[in-house]
Amino acid sequence: MRSSKFCLHPVGDTPSSCRLFDAIVSHCVPVIVSDQIELPFEDELDYTEFSIFFSMKEALKPGYMVNQLRQISKERWLEMWRRLKNISHHFEFQYPPKKEDAVNMLWRQVKHKLPGVELAVHRNRRLKIPEWWSRRR
């Protein structure tokens with residue numbers, strides 16, 4: 001990965017995988033193939049600055065992805081590569097954890113998602129669905 005310019009990250013059978021982390025810490029521009037992917041730390045990082053995205057439909061067109069990747073200028077690739085070097089520490093696990101490392105970023109993600117989860121729990125307690133509604137299905 002360290003010697004590659006682009007690293008393919010196809011959609012898998014799980015929402016996440018280590019391939020993306022490996023590509024980023026190797027400073028290899030991720031080529032993400034997915035129509036709906038939840039990316040780690042996406043609320044804090046703009047993946048379009050250091051990744052390339054293709055839909056499943058685009059990926060299935062013979063030669064399309066290769067042609068698009070070949071059209072990326074050296075300057076654009078260098079810009080993405082520099083951005084990768086600047087953000088890769090967010091994807092590295094340290095012991096003990098350091099500010100802005102993967103552990104710190106994960107806890108921040110939990111902190112951001114927790115209010116939404118708590119809101120859903122509170123709404124479920126408050127909202128009562130009549131029995132006749134569940135029998136209709």
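These questions and answers walk through a predicted model.

Me: How many helices and strands are there in the protein, and in what order do the elements run from the N terminus on?
Reply: The protein holds six helices and three strands. Read from the N terminus on, the order is β-α-β-β-α-α-α-α-α.

Me: What is the mean pLDDT of the protein, and which helix has the lowest?
Reply: The protein averages a pLDDT of 85, and 93% of the residues score at least 70. Helix α3 (residues 64-70) has the highest mean among the elements, 96. The lowest mean, 69, belongs to helix α6 (residues 131-136).

Me: What radius of gyration does the protein have, against that of a compact globule of 137 residues?
Reply: Along the principal axes, the C-alpha atoms fill a box of roughly 60 × 45 × 20 Å. A compact globule of 137 residues would have a radius of gyration near 14 Å. The protein has 20 Å.

Me: What share of the 137 residues is buried?
Reply: Buried means under 20% relative accessible area. By that cut-off, buried residues make up 26% of the 137 residues.

Me: What percentage of contacts between residues at least 6 apart in sequence join residues at least 24 apart?
Reply: Contact here means heavy atoms within 4.5 Å. Of the contacts between residues at least 6 apart in sequence, those joining residues at least 24 apart make up 47%.

Me: In which sense do β1 and β2 pair, and over how many bridges?
Reply: One residue opposition places the strands: phenylalanine 6 stands opposite valine 29 in β2. The pairing of β1 and β2 is parallel, over five bridges.

Me: Which residues of strand β1 are on its covered face?
Reply: Strand β1 spans residues 6-10. Its uncovered face carries Phe6, Leu8 and Pro10. The covered face carries Cys7 and His9.

Me: How far does α4 reach from its first C-alpha to its last?
Reply: α4 has 14 residues. At 1.5 Å a residue, 20 Å is expected. The helix comes close to that, reaching 20 Å.

Me: Why are the buried residues of α4 on the same side?
Reply: The buried residues are Trp77, Met80, Leu84 and Ile87. In an α-helix with 3.6 residues a turn, residues three or four places apart point the same way. On the other side of α4, Lys74, Glu75 and Asn86 are exposed. The buried residues lie on the same side because they cover an arc of only 95 degrees around the axis.

Me: What covers the buried residues of α4?
Reply: The cover includes both helix and strand elements. Helix α1 is one of them. Strands are also included: β1, β2 and β3 (52-54).

Me: Which peptide bond is cis, with omega near -5 degrees?
Reply: Proline 96 is found in the loop between α4 (74-87) and α5 (102-126). The cis bond leads into this proline, from tyrosine 95 to proline 96.

Me: Is histidine 27, with its positive phi, buried or exposed?
Reply: Histidine 27 has a phi of about 60 degrees although it is not a glycine. The residue is found in the loop between α1 (18-25) and β2 (29-33). Its relative accessibility is 16%, so histidine 27 counts as buried.

Me: What does glutamate 100 count as, at 22% relative accessibility?
Reply: Glutamate 100 is in the loop between α4 and α5. Its phi is near 75 degrees, a positive value in a residue other than glycine. At 22% relative accessibility, glutamate 100 counts as partly exposed.

Key: Residues are numbered from 1 along each chain as its sequence is written. This is a predicted model: local features need pLDDT of at least 70, side-chain atom pairs count only at pLDDT 80 or more; totals for chains, interfaces and linings use all residues. Side-chain values use heavy atoms; hydrogens and water are left out. Helices (H or I, at least four residues) and strands (E, at least two) are DSSP runs, numbered from the N terminus. Buried means under 20% relative accessible area, exposed over 50%, partly exposed in between (1.4 Å probe, protein chains only). Two strands pair if DSSP finds at least two bridges between them. pLDDT is the predictor's confidence in each residue, from 0 to 100. The expected span of a helix is 1.5 Å times one less than its number of residues. The arc is that of the directions from the helix axis to the C-beta atoms. The radius of gyration is taken over C-alpha atoms; the globule rule is 2.2 Å times the number of residues to the power 0.38.
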